[in-house]
Amino acid sequence: WTGPFYGFERAMETFEMTDSPRRIKPVGIYYHTYSASKPAALKALKKVYDWALAQPLHPVRTSEFITKVQDFYDYAMARDGAGWRLRSSNGALRTVRLPQALGLPQPATSQGVAGWRQGIEGAYVHLSGPAAWLQTANREASTPHLHDANARLIDWQAEGDGRRVQFTLQGHVPLEFALANIQACQVRANQRTLTALRPTAQARTAVQQFKLPDATARIQILCP
């Protein structure tokens, strides 16, 4: 093995180039154990890990990623009345990208839709199961919805015109998630009330961010 022994830090360049305008490859940190044999190589490896941990990523196991790739090839979408019917082949994929020309997701009038986050090329829609019916409109949704999370959305149950919600997040690291349209609402997780980190003004709607020490949690949104 010859130098430069710090060369692995250039993996960050690859991760950054495959992230815009959308991520087309996962951030997969792969290396040999001999990376620990050189101080420069070990330092580079730590630098890559620190970079990855600072990014808004959703950590998954390799086995989970494989099933998502398989689902991508068999995923079905079709126009159905005033909306779009979405169907997964194995339940692995829970996010679809909505072109801007189709408008904005309306979780309250859709089925199996938990929320969305605006991206450069359109909205990334969060689904709560393997099948969904998505309705869109040229207006912002006013009910609470999931903006983003670093864990898998297991379910999403909304009642009372979308003002009372229960959902489960299941991940591999301490949870970080954000909710939209909850300004006058109470958020609880595992039987305790949560306090938002800070409200942030987004391009389309107000979002509040939360962190939990748990990798899995049952979360409630209670609005007047």
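In this predicted model, three strands come together as an open sheet, arranged in the order 1-2-7 with antiparallel pairing. Strand 1 (76–80) and strand 7 (131–134) lie at the edges, each of them pairing on one side only. From one strand to the next, the twist averages 20°. Strands of a sheet pair through backbone hydrogen bonds, in either a parallel or an antiparallel manner. Here, strand 2 (residues 83–87) and strand 7 run antiparallel and are joined by four bridges. For a concrete handle on this pairing, tryptophan 84 can be picked out: its bridge partner in strand 7 is leucine 134.

Attention turns next to the cysteines. A search of the whole structure returns one disulfide, and this bond joins cysteine 185 to cysteine 223, with an S to S distance of 2.0 Å. The two partners belong to distant parts of the chain, 38 residues apart. Cysteine 185 sits in the loop between strand 12 (176–180) and strand 13 (186–189), whereas cysteine 223 belongs to the segment after strand 17 (216–222). A disulfide is a covalent bond between the sulfur atoms of two cysteines. As for its handedness, the torsion about the S-S bond of cysteine 185 and cysteine 223 is about 105°, so the disulfide is right-handed. Burial is assigned below a cut-off of 20% relative accessible area. Cysteine 185, with a relative accessible area of 17%, is therefore buried. Cysteine 223 is buried as well, its relative accessible area being 10%.

A proline in a loop offers another local view. Proline 59 is located between helix 2 (39–53) and helix 3 (62–74), in the loop that separates them. With a relative accessible area of 30%, proline 59 is partly exposed. Leaving aside residues up to four places away in sequence, proline 59 touches Asn150, His172 and Val173. Its C-alpha atom is separated by 15 Å from that of aspartate 19, a residue 40 positions away along the chain.

Finally, a word on confidence may be welcome before any of these features is taken further. The protein chain averages a pLDDT of 92, and 96% of the residues score at least 70. Among the elements of the chain, strand 15 (residues 199–201) has the lowest mean pLDDT, at 55. The highest mean, 97, belongs to strand 17, the strand that precedes the segment holding cysteine 223.

Key
Residues are numbered from 1 along each chain as its sequence is written. This is a predicted model: local features need pLDDT of at least 70, side-chain atom pairs count only at pLDDT 80 or more; totals for chains, interfaces and linings use all residues. Side-chain values use heavy atoms; hydrogens and water are left out. A disulfide is a pair of cysteine sulfur atoms within 2.5 Å. Helices (H or I, at least four residues) and strands (E, at least two) are DSSP runs, numbered from the N terminus. Buried means under 20% relative accessible area, exposed over 50%, partly exposed in between (1.4 Å probe, protein chains only). pLDDT is the predictor's confidence in each residue, from 0 to 100. Contact means heavy atoms within 4.5 Å. Two strands pair if DSSP finds at least two bridges between them. Axes are lines fitted to C-alpha atoms, for helices over the stretch in contact, and angles run from 0 to 180 degrees between N-to-C directions.
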